[in-house]
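Open the structure in your viewer and keep the sequence panel beside it. This tour moves from stop to stop. At each one, make the selection and then look.

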Amino acid sequence: MDPGLDPGLFRSVFRRHAAGVAVITAAGPGGPVGFTATSLTSVAAEPPLLSFGISLGASSWPVLARADHVGVHILGDHQEELAAVFARSGADRFGPGTAWTTGPYGVPLLDAVPAWLVGRVLHRVPAGDHRIVIAQAVAADPHGPGRPLLYHQGAFHRLPH
Ligand SMILES: Cc1cc2nc3c(=O)[nH]c(=O)nc-3n(C[C@H](O)[C@H](O)[C@H](O)COP(=O)(O)O)c2cc1C
């Protein structure tokens, strides 16, 4: 098999890819889980499908591997610290510093995000050391506060005003 591109070179290309920042959540038997993700993509509008990638090594994966529903949050530029907490290994992601409630289908929903969706998981597609989760949106609110938080060259950014 073709060994493909050097992983470092591959990462260098994607460091040039500016992306919106999302947090994916799910309810597990041991409590809520969640992680920061830039892999969120709108896949289809009819039916409304979204996807994101999750590492098999992610602490959220054992719950995501079984979850029926997921919470998908588009973060605002006022939520850089939240993005960092949901990316930091071992952080208390749903502790006192995180405002959240239980939303439709029992999914943990973060407060004050510009927009959120709840998705019903349809597929978990193998992709190397990740899984691509495909979900159908079943609830949403696009009317929250703020402008989008971006990630580029390994750092968070805001859109210029
Ligand atoms: C900006 C940013 C985007 C990320 N995107 C993803 C992603 O799309 N999929 C993923 O599995 N992990 C992604 N991560 C990594 C996770 O957020 C998290 O850092 C990682 O799972 C380690 O946490 P854990 O030890 O609790 O698993 C991203 C991290 C950052 C900072």
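How many bridges join strand 4 to strand 5, and do they run parallel or antiparallel? Select residues 41-45 for strand 4, then add strand 5. The two run antiparallel, and 4 bridges join them. Keep in mind that this is a predicted model.

**Stop 1: the strand 4 and strand 5 hairpin**

Pick Thr-41. Its bridge partner in strand 5 is Ser-51. Now follow the chain from strand 4 into strand 5. The two strands form a hairpin, with 2 residues between them. Click on Pro-47, which is in the loop between these two strands. Look at the peptide bond that leads from Glu-46 to Pro-47. This bond is cis, and its omega is near 0°.

**Stop 2: along strand 5**

Select residues 48-55, the whole of strand 5. Is this strand mostly covered or mostly open? It is mostly covered, with 6 of its 8 residues buried.

Zoom in on Ile-54, a residue of strand 5. Its relative accessibility is 1%. Buried means under 20%, so Ile-54 counts as buried. Add Ile-24 to the selection. Ile-24 and Ile-54 are 30 residues apart along the chain, and their C-alpha atoms are separated by 9.6 Å.

**Stop 3: across to strand 10**

Strand 5 has another partner to visit. Select residues 130-141, which make up strand 10. Strands 5 and 10 run antiparallel, joined by 7 bridges. Two pairs are worth a click. Ser-55 stands opposite His-130. Leu-49 has Gln-136 as its bridge partner in strand 10.

**Stop 4: strand 9 and the next hairpin**

Stay on strand 10 and add residues 115-127, which are strand 9. How many bridges join strand 9 to strand 10? There are 11, and the two strands run antiparallel. For one pair, find Val-121, which stands opposite Ala-135 in strand 10.

Strand 9 and strand 10 also form a hairpin, with 2 residues between them. Select Gly-128 in that turn. Its phi is positive, at about 60°.

**Stop 5: the ligand**

Show the ligand as sticks. Where does the ligand sit? It sits in the largest pocket. There are 15 residues around it, and those that come nearest are Thr-36, Ser-39, Ser-59, Ala-87 and Ser-89. Strand 3 (31-37) and strand 5 each supply at least two residues of the shell.

Check these distances to oxygen atoms of the ligand:

- Ser-59: an N or O atom in its side chain is 2.4 Å from a ligand oxygen.
- Arg-93: a polar side-chain atom lies 2.8 Å from a ligand oxygen.
- Ser-55: a polar backbone atom is 2.9 Å from a ligand oxygen.

Now turn on the surface. Taken alone, the ligand exposes 620 Å², and the protein buries 77% of that.

**Stop 6: Ala-37 in strand 3**

Hide the surface and select Ala-37, which lies in strand 3. Is Ala-37 buried or exposed? It counts as buried, at 4% relative accessibility. Then add Ala-22. The C-alpha atoms of Ala-22 and Ala-37 are separated by 5.1 Å, although the residues are 15 apart along the chain.

**Stop 7: a three-stranded sheet**

Select strands 1, 11 and 12. These 3 strands form an open sheet in the order 1-11-12, with antiparallel pairing. The edge strands are strand 1 (19-20) and strand 12 (155-158), and each pairs on one side only. Strand 1 pairs with strand 11 (residues 149-152) over 2 bridges. Look for Ala-19, which stands opposite Tyr-151.

**Stop 8: two loops with a positive phi**

Stay close to strand 11 and click on Gln-153, in the loop between strand 11 and strand 12. Gln-153 is not a glycine, but its phi is positive, at about 55°. This residue is partly exposed, with a relative accessible area of 38%.

End at Tyr-105, in the loop between strand 7 (100-102) and strand 8 (108-110). Tyr-105 is another residue other than glycine with a positive phi, here near 60°. Is Tyr-105 buried or exposed? Its relative accessible area is 54%, so Tyr-105 is exposed.

Terms used: Residues are numbered from 1 along each chain as its sequence is written. This is a predicted model: local features need pLDDT of at least 70, side-chain atom pairs count only at pLDDT 80 or more; totals for chains, interfaces and linings use all residues. Side-chain values use heavy atoms; hydrogens and water are left out. Buried means under 20% relative accessible area, exposed over 50%, partly exposed in between (1.4 Å probe, protein chains only). Two strands pair if DSSP finds at least two bridges between them. A residue is near a molecule or strand if one of its heavy atoms lies within 4 Å of it. A polar contact is a pair of N or O atoms within 3.5 Å; within protein, one must be able to donate a hydrogen and the other to accept it, and residues adjacent in sequence count only if both atoms are side-chain atoms. Accessible areas come from the Shrake-Rupley method with a 1.4 Å probe; for residues, only the protein chains shown count as cover. On a 1 Å grid over the protein atoms alone, a cavity is a set of points where a 1.4 Å probe fits but cannot get out, and a pocket is an open set with protein on both sides within 12 Å along at least five of seven lines; lining residues have an atom within 4 Å of a point. A molecule sits in a cavity or pocket if more than half of its atoms lie within 2 Å of its grid points.
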